[in-house]
Amino acid sequence: MNSLQDYFDTQLEATTSRFHRYMFDRIDWDNRLIGLVGPRGVGKTTLMLQHAKEELPRHSTLFVTAEDMYFITHNIVEFAAEFVKKGGRYLIIDEIHKMDDWSRYLKLIYDYQPKLNVIFTGSSVLDITKGTHDLSRRAITYQMQGLSFREYLIMFHDVELESYSLEDIVSHKVRIPDGLQPLQLFKEYLKNGYYPFAKENQYERRLMQVINNTLEVDIPQYAKMNVATGRKLKQLLGVISKSVPFKPNMTSLATVLDTSRNSVSDYLLYLEEAGMISQLRDKTGGIRGLGKVDKVYLDNTALAHVLGGEATDIGNIRETFFNNQMRVNQDVVTSSAADFEIGSYTFEVGGKKKKQKQIEEVENGYIVKDDIESGYLNVIPLWMFGLNY
């Protein structure tokens, strides 16, 4: 217990409070069992440590990681009971999915320790999603993604912008601070601004580690795959990175991967839930997964740059950015007339010279243009959609 307390103190000392991610104020911290899930590297651990440092009493709070050697020989349920006996009220468990049978342990802690508030995080969206089916009556789970362009401006350049609703953005209500020239900073963001660890050294190597660990460890381990199947996930991501956005042909992909059509659909879903790709669906079910998949994108523009390299298509980058930033607060679906639909709005995304032809007959149709600083009429700058969260 003492070594765990020392580790927590070290983590708190290294945690700064200058900047909070968008999810910080969306979590109802009063719930007794809270889960924060999302892809590797998006800042879940930092957010939890900030909450502990700023809002929880140190004497009754403890932060542990499920990977700690302590839990090789100690049962987390018994540990929680001992913590409560010593006055513990708030237990934060990082990377809970690294602990075998974690879902059952959380249920037992919840049922046996009614005075204890538990917060847990997990890097593997896939496994947490499966596990929380058993915790649905107990846990409130939140999904978090990487930095918006607005958050990037705050974190990397100390530029404070408020968030704007989609309605505000299309109504030209965005206000640009004096002196801000967003286009150059936007180009920087598209390349390396999605993951908070871009501030650290060897960013691209770290990002490749995130990709490799997701494909080789997270998905295979928790979806009960063998090594050969894990390699097929990597092969599939390679195919996607060279082709996006594309309409998936399950038969062709099955032939390339030497597997069945049904397996390809499963692989795509695993990659999506693990934060590697995004599948754009039609309006029959939207992003919630019921609609037919129309296009497949890489999840975010940082992945597109590191996997696509110099051959990365700018048109793909633009669409990837729009889809990625809009999906946090809205249902984004495919459009028969243009690129995307969100509610009653239709959006065609392109460069500075993009014409109106595709949306001439579309009610509430908008042209989203890259390389322009401000908009007019139904023309909206692409970068502004990064201010939505």
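Which side chain does the side chain of Arg 40 make a polar contact with? The partner is the side chain of Asp 218, at 2.7 Å. Keep in mind that you're looking at a predicted model. Below is a quick tour that starts with Arg 40, then takes in two sheets and two pairs of packed helices.

**Arg 40 and its surroundings**

- You'll find Arg 40 in the loop that links strand 1 (33-37) to helix 2 (44-55).
- Arg 40 counts as buried because its relative accessibility is 16%, and the cut-off for buried is under 20%.
- Setting aside neighbours within four places in sequence, Arg 40 is in contact with Lys 98, Ser 123, Tyr 195, Val 210, Asn 213, Thr 214 and Asp 218.

**The parallel sheet**

- Strands of a sheet pair through backbone hydrogen bonds, and they can do so parallel or antiparallel.
- Here, 5 strands make an open sheet with parallel pairing, in the order 2-3-4-1-5.
- Strand 2 and strand 5 (140-143) sit at the edges, so to speak: each of them pairs on one side only.
- On average, neighbouring strands of this sheet are turned by 15° against each other, ignoring direction.
- Strand 1, which leads into the loop of Arg 40, pairs with strand 5 in the parallel sense over 4 bridges.
- In that pairing, Val 37 stands opposite Gln 143 of strand 5.
- Helix 4 (residues 76-85) packs on this sheet and touches strand 2 and strand 3, with its direction at about 150° to that of strand 3.

**A look at strand 2**

- Is strand 2 (residues 61-65) mostly covered or mostly uncovered? It is mostly covered, with 5 of its 5 residues buried.
- In a regular strand, side chains alternate between the two faces of the sheet.
- You can follow the two directions in strand 2: Thr 61, Phe 63 and Thr 65 point one way, while Leu 62 and Val 64 point the other way, and all are buried.
- Strand 2 pairs with strand 3 (residues 90-94) in the parallel sense, over 5 bridges.
- One residue to pick out is Leu 62, whose bridge partner in strand 3 is Leu 91.

**The mixed sheet**

- Another open sheet has 5 strands in the order 8-9-10-11-12, and its pairing is mixed.
- Its edge strands are strand 8 (333-334) and strand 12 (379-381), each pairing on one side only.
- Strand 11 (residues 365-369) and strand 12 run parallel and are joined by 3 bridges.
- Lys 369 has Pro 381 in strand 12 as its bridge partner.

**Helices that pack together**

- Two packed helices are described by the angle between their axes and the distance between those axes.
- Helix 10 (residues 203-222) packs with helix 14 (residues 301-308) at about 100°, and their axes are 11 Å apart.
- That angle makes helix 10 roughly perpendicular to helix 14, because angles of 65 to 115 degrees fall in that group.
- On the helix 10 side, Tyr 203, Glu 204, Leu 207, Met 208 and Ile 211 meet Ala 302, Leu 303, Val 306 and Leu 307 of helix 14.
- By class, this contact has 8 nonpolar residues, 1 charged residue and no polar ones.
- Helix 11 (residues 227-243) and helix 13 (residues 261-273) pack at about 80°, with axes 10 Å apart.
- So helix 11 is roughly perpendicular to helix 13.
- Thr 229, Lys 232, Leu 233, Leu 236, Leu 237 and Ile 240 in helix 11 meet Tyr 267, Leu 268 and Leu 271 in helix 13.
- The residues of this contact divide into 7 nonpolar, 1 polar and 1 charged.

How values were computed: Residues numbered from 1 in each chain as written. Predicted model: local features only at pLDDT ≥ 70, side-chain atom pairs only at ≥ 80, totals over all residues. Heavy atoms only, no water. Buried < 20%, exposed > 50% of the residue type's maximum accessible area, 1.4 Å probe, protein only. Polar contact = N/O pair within 3.5 Å; in protein donor to acceptor, adjacent residues only side chain to side chain. Contact = heavy atoms within 4.5 Å. Pairing = 2+ DSSP bridges. Axes fitted to C-alpha atoms, helices over the stretch in contact; angles between N-to-C directions. Parallel < 35°, antiparallel > 145°, perpendicular 65-115°, else oblique. Nonpolar A, V, L, I, M, F, W, Y, C, P; charged D, E, K, R; others polar.
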